[in-house]
Amino acid sequence: GTQSLAEQLADLDAIFFAAFNRCDIDVLASYMAKDFEFYHDLGGLTDSKEKMIYMENERCGNNNETLRRERVQGSLEVYPLNNYGALQHGEHNFYLSVEGQPEILIETAKFTSIWRFKDGNWQMTRVVSYDHQKPNG
């Protein structure tokens with residue numbers, strides 16, 4: 001059977017962030033639209049795909065540190081956007097491992113992603129990452 005919109009978007013989120021976790025920049029780039037914009041409550045606006053890819057290359061160039069994103073189970077919500085695509089909202093946790101040490105939870109956040117469906121392909125046009133919190137303790 002055909003996947004529901006919610007299932008499609010959950011799969012896209014999983015594929016995108018699997019690539020994020022393994023630093024597969026080509027896959028990340030393929031899911032970012034040409035007019036991609038990233039809004040971060042702490043970092044501000046990254047106003048182009050090129051700048052976002054540069055930032056990801058910088059993050060991934062540090063061989064001593066590994067950052068892993070994990071979506072919070074059950075947090076994902078998906079809403080259709082008529083004649084455009086879909087809005088996806090959820091929560092995620094970020095874990096850091098430094099020089100092969102056991103990873104630690106460093107940050108929690110919420111995210112809202114706008115996905116455009118065009119010419120048979122899904123791409124993100126806007127991502128907002130906000131409510132970044134340090135873990136309690």
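These legends walk you through several close-up views of a predicted model.

**View 1. Helix α3 from end to end.** Let's start with α3, the helix that covers residues 49-60. It has 12 residues, and the distance from its first C-alpha to its last is 16 Å, close to the 16 Å expected at 1.5 Å a residue. Five names are worth picking out here: K49, M52, E56, R59 and C60 are buried. Looking down the axis of α3, you will find these buried residues within an arc of 90°, so they line one face of the helix. Turn to the face that points away from this buried side, and you meet the exposed residues E50, Y54 and E58.

**View 2. What α3 packs against.** Here the partners of the buried residues of α3 come into the picture. On the helical side, the buried residues of α3 pack against α1 (5-22) and α2 (25-30). Strands take part as well: β1 (32-40), β2 (44-46) and β3 (65-71) are also packed against by the buried residues of α3.

**View 3. The disulfide between C23 and C60.** The structure holds 1 disulfide, and this view centres on it. The link joins C23 to C60, with an S to S distance of 2.0 Å. The angle about the S-S bond is -85°, and the link is left-handed. C23 sits in the loop between α1 and α2, whereas C60 belongs to helix α3, so the pair ties together parts that are 37 residues apart in sequence. How exposed are the two cysteines? C23 is partly exposed, with a relative accessible area of 29%. C60, with 17% relative accessibility, counts as buried; the cut-off for that word is under 20%.

**View 4. Two residues with a positive phi.** Keep your eye on C23 for a moment, as its backbone deserves a look too. In this residue, which is not a glycine, phi is near 60°, a positive value. As in the previous view, you will find C23 in the loop between α1 and α2. Now move to N83, in the loop between β4 (77-81) and β5. N83 is not a glycine either, yet it has a positive phi of about 55°. With a relative accessibility of 74%, N83 counts as exposed.

**View 5. Strand β1 and its two partners.** This view follows β1 and the strands that pair with it. With strand β7 (residues 121-133), β1 pairs in the parallel sense over 5 bridges. To find your place in β7, look for S129, which stands opposite H40. With β2, the pairing of β1 is antiparallel and runs over 3 bridges. F38 has T46 in β2 as its bridge partner. A hairpin leads from β1 to β2 through 3 residues.

**View 6. H92 and its surroundings.** H92 is part of strand β5 (residues 85-98). Is H92 buried or exposed? H92 is buried, with a relative accessible area of 3%. Its side chain makes a polar contact with the side chain of R69, at 2.9 Å. Setting aside neighbours within four places in sequence, H92 is in contact with a list of residues that includes F17, R69, E70, R71 and V72. Also among the contacts of H92 are E107, T108, A109, K110, F111 and S129.

**View 7. F111 in strand β6.** F111 has its place in strand β6 (residues 104-118). At 2% relative accessibility, F111 counts as buried. If residues up to four places away in sequence are not counted, F111 touches D13, R69, R71 and L76, among others. The residues touched by F111 also include Q88, H89, G90, E91 and H92, along with V128, S129 and Y130. One more distance to try for yourself: F111 and Y39 are 72 residues apart in sequence, and their C-alpha atoms are 9.7 Å apart in space.

**View 8. H89 meets the backbone of F111.** The last view stays with F111 and brings in H89, which is found in strand β5. Which backbone atom of F111 should you look for? A polar atom of the H89 side chain lies 3.1 Å from the backbone oxygen of F111. Apart from neighbours within four places in sequence, H89 is in contact with S75, L76, E77, K110, F111, T112 and Y130.

How values were computed. Residues are numbered from 1 along each chain as its sequence is written. This is a predicted model: local features need pLDDT of at least 70, side-chain atom pairs count only at pLDDT 80 or more; totals for chains, interfaces and linings use all residues. Side-chain values use heavy atoms; hydrogens and water are left out. Helices (H or I, at least four residues) and strands (E, at least two) are DSSP runs, numbered from the N terminus. The expected span of a helix is 1.5 Å times one less than its number of residues. Buried means under 20% relative accessible area, exposed over 50%, partly exposed in between (1.4 Å probe, protein chains only). The arc is that of the directions from the helix axis to the C-beta atoms. Contact means heavy atoms within 4.5 Å. A disulfide is a pair of cysteine sulfur atoms within 2.5 Å. A polar contact is a pair of N or O atoms within 3.5 Å; within protein, one must be able to donate a hydrogen and the other to accept it, and residues adjacent in sequence count only if both atoms are side-chain atoms. Two strands pair if DSSP finds at least two bridges between them.
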